[in-house]
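Biologist: Hi, I'm new to this one. Could you bring it up and walk me through it?
Modeller: Happy to, here it comes.
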Amino acid sequence: MKKSFVFLLIVGCVVFFLTQIIGWSCSVSGAGNNFVTDNIPVTDSIKLVFVGDVMGHGNQIKGAWRDGGDSCYNYAPGFEGMKDYISSADLAIANLEVTFAGEPYTGYPAFSSPHSMAVALQDMGIDMLVTANNHMMDRGRKGLESTIDVLDSLGIPHTGTFKDSVAWKAGHPLIMEKNNFRLAFLNYTYGTNMAMAKLPNRINYTDTVRIAADLAKARALNPDYIITYIHWGEEYHHKENATQRRLAAFLAKNGCNLIVGAHPHVVQPIVKIPGNAIDSVGSVDSVLVAYSLGNFISNQRWRYSDGGIALEVTLTRTEGVVSLLSHNYEPFWVHRYPEKNVQVYRIIPVNTYLSNPERYSISDENKKLMMQFYNDTKDIIKQ
Ligand SMILES: [Zn+2]
C-alpha cells in the first residue's frame, strides 16, 4: 500500500512536469519567431549591405578572360572571397560603374565590360544595382540602354538610369520589399563624363528641386525607410567636401533616412547627422551618412584606392516605427597578382584574412599593402 502510494506520487510528479514542459514548448513554438508576450510588439529586422564602385579597367577585362580559361570572361573568382559576406545580407546593393555596351570591351575612359560581370555580381549575392554615375554615358545611348537590358534579362532590380519616362516613373524611386520592410531607393549622380543623357533616356542628375519632389513622391509610396545612394564628391579625397555635407543635410531635411555615397574611389567618413522623418517614414533621431565606400573592385592600385568597405546597416521595426538598430563596416582589399603574365583580381575581406591568414597565399609585400589599407581605413572612419 505504502509502496504503491510512493509509485503513484512519482508518476504524478513526472506527468505534472511533462505537461509543464510540453505546454511551455507549445506556447513558444506556437507564438512565432519574434513574438515574446502580448505586451511586447512584433519586431522585424533587415540587414542591408552596400558596396561602392564596381569598376572594369582594361586589365580587369584581360584578367576575367584568363579566369575564364582564355575562352570566356569569368568574374566569379574575383568575387568569391566576398560571397559568404554579401550573400548573408537580406539585401545587398552595389554601384555599377561600367556599361554593358557589348564589344569591343574597353576600360577607362569609356567603360564597357562583358555582361558576365553582372552574372558574377548576382551570383555573389548582389540583389540590386544603382546605375546613376558619371560613366553611364561612356558608350552613349546604346550603352545606357543595353546595360538596362542586361540587368533586366537577369532580373536584377536597378535604379538611377532609365530608357524612357515610363520606366522612370515605375522605377524611381525603386521600391524593394523584404522581411516585411518596404524600402524606397533613390539614386543620383553629379553628372556624366561623355555627354548628358537625352530624352527619351533619363539619368537622375543631382538637382535639389528634383530631389525634394522625388522624396515627396517616395514618402507618398508609404515606405518604411527612404535610402539615397548618391554619386558625389572629389576623387581621391579622404574627407567629404562642403557640397557633400550640404547635400546630405538637404536629403536628411527632406525626409531621407539613410545616405550612401560613392565616386571618390577612396573611403570617406561615416557620420550621423540630424534627421527629419516626414510623414512618419523612419525614425526621427538621426540620418546615417556613409560619404564614400571606395572601390569594390578596380585596377586602381595606389594607396587608399586599392580596396573599399561594405557598409552594413540593420533596421528594426518596434511598435510600428522603423529605425537604425546598428551599423558597421567591413574593409576589403583587392589582391592583384600575375597568373601566366596576366593580372588577376581577388577581393579579400581583411577581417576574414586576419582570423585565418594561413588560408591565403599572398606575398609579404602585398600583406603590407593590405594592412596599410586596413589601417588607413580605420583612421578615416574612426569608429
Ligand atoms: Zn564615378
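Biologist: What is the handedness of the crossing of helix 5 and helix 6?
Modeller: In this predicted model, helix 5 and helix 6 cross in a right-handed way.
Biologist: And at roughly what angle do their axes cross?
Modeller: Roughly 40°, with the axes of helix 5 (residues 116-124) and helix 6 (residues 140-154) coming within 10 Å. That angle is why helix 5 counts as oblique to helix 6.
Biologist: Which residues meet there?
Modeller: From helix 5 you have Ala118, Val119 and Gln122, and they meet Val150, Leu151 and Leu154 of helix 6. By type, the residues of this contact are five nonpolar and one polar, with no charged ones.
Biologist: Nice. Switching to the sheet of six strands, what is its order?
Modeller: The order is 6-7-9-10-12-11; the sheet is open and its pairing is mixed. Strand 6 (174-178) and strand 11 (270-274) each have a single partner strand, so one side of each has no neighbour in the sheet.
Biologist: How much are neighbouring strands turned against each other?
Modeller: On average by 25°, ignoring direction.
Biologist: Does anything pack on it? I mean, which helix is it, and what does that helix touch?
Modeller: Helix 9 (residues 242-253) packs on the sheet, where its contacts are strand 9 (225-231), strand 10 (258-262), strand 11 and strand 12 (286-290). The direction of helix 9 makes about 50° with that of strand 11.
Biologist: Back to strand 6 for a second. How many bridges join it to strand 7?
Modeller: Five, and strand 6 runs antiparallel to strand 7 (residues 181-189). To pick one out, Ile175 has Ala184 in strand 7 as its bridge partner.
Biologist: Any odd backbone spots? Which peptide bonds are cis?
Modeller: One of them goes from Glu103 to Pro104, with omega near -5°. Pro104 sits in the loop between strand 2 (91-96) and helix 5. Another cis bond goes from Leu199 to Pro200, with omega near 15°, and Pro200 is in the loop between strand 7 and strand 8 (202-203).
Biologist: What about phi at Tyr304?
Modeller: Tyr304 has a positive phi of about 80°, though it isn't a glycine. Look for Tyr304 in the loop between strand 13 (295-297) and strand 14 (307-318). For background, most residues other than glycine have a negative phi, and most peptide bonds are trans.
Biologist: Last topic, confidence. What is the mean pLDDT?
Modeller: The mean is 90, and 89% of the residues reach 70 or more. Residues 5-9, though, have pLDDT below 50, and that stretch makes zero contacts beyond near neighbours in sequence. Residues 11-37 also stay under 50, with three contacts beyond four places in sequence.
Biologist: So how should I read stretches like that?
Modeller: Where pLDDT is low, the predicted coordinates shouldn't be read in detail.

Notes. Residues numbered from 1 in each chain as written. Predicted model: local features only at pLDDT ≥ 70, side-chain atom pairs only at ≥ 80, totals over all residues. Pairing = 2+ DSSP bridges. Helix = DSSP H or I, 4+ residues; strand = E, 2+ residues; numbered from the N terminus. Axes fitted to C-alpha atoms, helices over the stretch in contact; angles between N-to-C directions. Contact = placed C-beta atoms within 7 Å. pLDDT = per-residue confidence, 0-100. Parallel < 35°, antiparallel > 145°, perpendicular 65-115°, else oblique. Left-handed = near helix turned anticlockwise from the far one by under 90°. Nonpolar A, V, L, I, M, F, W, Y, C, P; charged D, E, K, R; others polar.
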